[in-house]
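Q: I'd like a close look at one helix in this model, then a tour of what surrounds it. Please keep it informal, and tell me how each term is defined as you go.

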Amino acid sequence: MKKSLKYLSAVVLIALVCLGIWAFMVYCEGEDPAILLNRDVIMIGQKTTFDITAIDKKSGIRNVYVDISQDGKKHTVNALNLPEKGINRETLNVNIVPEDLGLHDGTATFGISVTDYSLRKNTTTSEFEVVVDTVPPRISPLSFSNYINPGGSCVVTYRLSEEVSRSGVEVNSTFFPSYTENTAGGTRNISYFAIPVDASNKNLAIRILAEDNAGNSSLYPVSFHIRDKQFRRDKMNISQRFLEIKMPEFQQMYKYLREISLLEAFSRINTEIREQNLKTIETICENTHPEQLWEGSFLRMKNAATMATFGDRRTYYYEGKEISKSVHMGVDLASTKNAPVEASNAGIVVFTGYLGIYGNTIIIDHGMGTFSLYAHLSSIDVQKEQTVGKGEMIGHTGNTGMAGGDHLHFSMLAGGKFVNPLEWWDPHWMNDNITEKLAVSQ
Ligand SMILES: [Zn+2]
C-alpha cells in the first residue's frame with residue numbers, strides 16, 4: 001500500500017514537472033510577434049485603407065495598437081485587446097481620414113505595436129514615416145470641342161497639377177488610359193477612346209479621371225456633341241455548302257466541334273469562339289507603345305470594293321430560320337484574289353497567326369492604344385515585333401476564318417476597342433478631330 005502510494009506520488013511529481021516545463025516553455029517563450037501589411041503605406045490620402053495582420057505562433061496575440069503621430073500628438077487609429085491566449089493570427093482593418101483626426105498635409109509617423117500572451121510579453125513595434133496628402137489632382141482640359149459618332153473615336157488632351165498613379169478617360173464604365181507627352185507648355189496627357197456603337201445623348205457619360213499616389217481622385221466631365229447614326233442591317237444566308245466547305249477548317253483547330261452537327265458548330269463559332277477571339281484581341285491591345293507611331297490618315301486598301309461596313313447588325317439564317325446574330329466590327333474590302341495587303345500606317349506588329357473567326361490575322365500597334373487589324377489573310381509576310389512603315393506590304397488577302405470569299409476584313413481599335421475605320425481613313429476627319437486638337441493644346 002505504502003509502496004504504491006510512493007509510486008503514485010512519483011508519477012504525480014513527474015507529471016507536475018512536465019507540466020511546469022511545458023507551461024514555462026509556452027509562457028516564457030521569447031519569440032516576437034510578426035506584423036504584416038497588405039500593401040506598402042507611404043502616402044495617406046483623403047481616405048486611406050489598409051490591413052495589418054499580427055501573427056504570434058506560440059502564445060498568441062494579447063493586443064495590437066495602431067497610431068499615427070503628427071506635431072507631437074498621438075492619435076489612436078485602431079486597437080485590439082484579446083481576452084484569452086491562443087489566437088495566433090488577427091487582421092485589423094485600418095481606415096484613416098486625416099480630416100477626422102485633425103491631421104494636416106505633411107509628414108506623420110505611423111506606429112504599430114503587437115504584444116503576445118507569453119509571460120515575457122514579447123512585443124514587436126514598427127514605426128514608419130508617411131506623407132499626408134489630401135489634395136486631389138487638378139485636371140485642366142486643353143481640348144474642348146468633341147464631335148463624336150456612335151462607334152467612332154475621340155481624343156482629349158489635358159494637364160494635371162501633380163504626378164498621378166492612374167489617369168485616363170472613362171466612357172461609361174470603360175477606362176481608356178492616357179499617355180504623357182512633353183510639350184512647350186509642360187507635360188500633357190493624351191487619351192484616345194472609343195464611343196460605343198449604341199451611344200446616344202441619353203446613355204453616354206465621358207469623364208477624365210486622375211488618381212494620385214495617395215489615392216485622391218478627381219473627375220472632370222467631358223462635353224460632347226453626338227451625331228445620329230443608323231447602322232445597316234444585314235441578312236446572311238448560311239447554306240449547307242458553306243457549312244461543308246468552312247466547318248472542317250474550324251474542326252481542325254477546335255476538336256470539340258467535330259462531335260456536333262455542322263450547323264451547331266457554326267452557332268458555337270459565331271458566339272463562343274467569336275467572344276474568345278474578342279477577348280484575345282483586347283488582351284493583345286492592352287499593351288501599347290506609349291508614343292504616337294502613325295503619321296497622317298490611315299490607308300484604305302487600294303482598288304477594293306466595300307463589301308460590308310462597320311457596325312452592320314448581322315442576322316444569320318439557315319433554310320429560312322434565324323440561327324445567330326453578330327455586329328460587324330470592321331470593314332470588308334474585296335479586290336482580286338490574293339491581293340497584296342499594306343500596313344495602313346507605321347507601327348509595330350504585335351500579333352501574327354490564326355485567330356478563330358478572323359482566320360490568319362495581323363495586328364499592328366500604332367501607339368497610344370491605336371491598332372489596325374487585318375483578317376482572313378492567305379499569307380502573312382511579317383513577324384511579331386517587326387517595325388513596319390506606312391504602305392509596307394504585310395500579307396495577302398484570302399478567306400481563312402469565317403469568310404465566304406476572298407477579302408480583307410480591316411478593323412481599327414482606339415484605346416484597345418473596335419472603332420469605325422472610316423474616320424481614320426478620312427484626312428479631313430483626322431485633321432479636325434486629332435491633328436488640330438493636338439496642335440492647339442501644345
Ligand atoms: Zn468582316
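A: Let's start with the yardstick: the expected span of a helix is 1.5 Å times one less than its number of residues. Helices here are DSSP runs of H or I with at least four residues, strands are runs of E with at least two, and both are numbered from the N terminus. This is a predicted model, so local features need pLDDT of at least 70 and side-chain atom pairs pLDDT 80 or more, while totals for chains, interfaces and linings use all residues. Residue numbers run from 1 along each chain as its sequence is written, and side-chain values use heavy atoms, with hydrogens and water left out.

The part to zoom in on is helix 3, residues 240-253. Its 14 residues should span 20 Å at 1.5 Å a residue, and the end C-alpha atoms are indeed 20 Å apart, so expectation and model agree. That doesn't make helix 3 straight, though: a kink of about 35 degrees lies at methionine 247, shortly before proline 248. (The bend at a residue is the angle between axes fitted to the seven residues ending there and the seven starting there.)

Which residues of helix 3 are buried? They are Phe242, Leu243, Lys246, Met247, Phe250 and Gln251, where buried means under 20% relative accessible area, exposed means over 50%, and partly exposed is in between (1.4 Å probe, protein chains only). Here's the general background for reading a list like that: an α-helix has 3.6 residues a turn, so residues three or four places apart point the same way. Notice that Met247 is on the buried list and is also where the kink sits. What covers those buried residues includes helix 4 (262-284), strand 21 (313-318) and strand 25 (347-354).

For a contrast within the helix, take glutamate 244, which is also in helix 3. Glutamate 244 counts as partly exposed because its relative accessibility is 48%. From its C-alpha atom to that of tyrosine 256, 12 residues along the chain, the separation is 17 Å.

Now follow the chain out of helix 3. Tyrosine 254 lies in the loop between helix 3 and helix 4. With a relative accessible area of 16%, tyrosine 254 is buried. Leaving out residues up to four places away in sequence, tyrosine 254 touches Ile273, Gln276, Asn277 and Gly356, a contact being heavy atoms within 4.5 Å.

Two of those partners, Ile273 and Asn277, turn up again among the buried residues of helix 4. Also buried in helix 4 are Ala265, Phe266, Ser267, Ile269, Asn270, Ile281 and Ile284. Helix 4 has a bend of its own, about 35 degrees at isoleucine 269, and Ile269 is one of its buried residues.

Strand 21, part of the cover over helix 3, leads to another spot worth a glance. Glycine 320 lies in the loop between strand 21 and strand 22 (321-327). At a relative accessible area of 64%, glycine 320 is exposed. Glycine 320 and isoleucine 238 are 82 residues apart in sequence, yet 9.3 Å apart in space, C-alpha to C-alpha.

How far away is tyrosine 65 from tyrosine 254 in space? The two are 58 Å apart, C-alpha to C-alpha, and 189 residues apart in sequence. Out there, Tyr65 is one of the residues touched by asparagine 81, along with Arg62 and Asn63, again not counting residues up to four places away. Asparagine 81 is found in strand 5 (residues 73-81) and is exposed, with a relative accessible area of 51%. Its C-alpha atom is 6.1 Å from that of arginine 62, which is 19 residues away in sequence.

Finally, set helix 3 beside helix 6 (residues 427-440), which has a kink of about 25 degrees centred on isoleucine 434. In helix 6, the buried residues are Trp429, Met430, Asn433, Ile434, Lys437 and Leu438, so you'll find the residue at the kink on that list too, by the under-20% cut-off. The cover over the buried residues of helix 6 includes strand 10 (147-148), strand 11 (153-160), strand 15 (186-194) and helix 5 (421-425).
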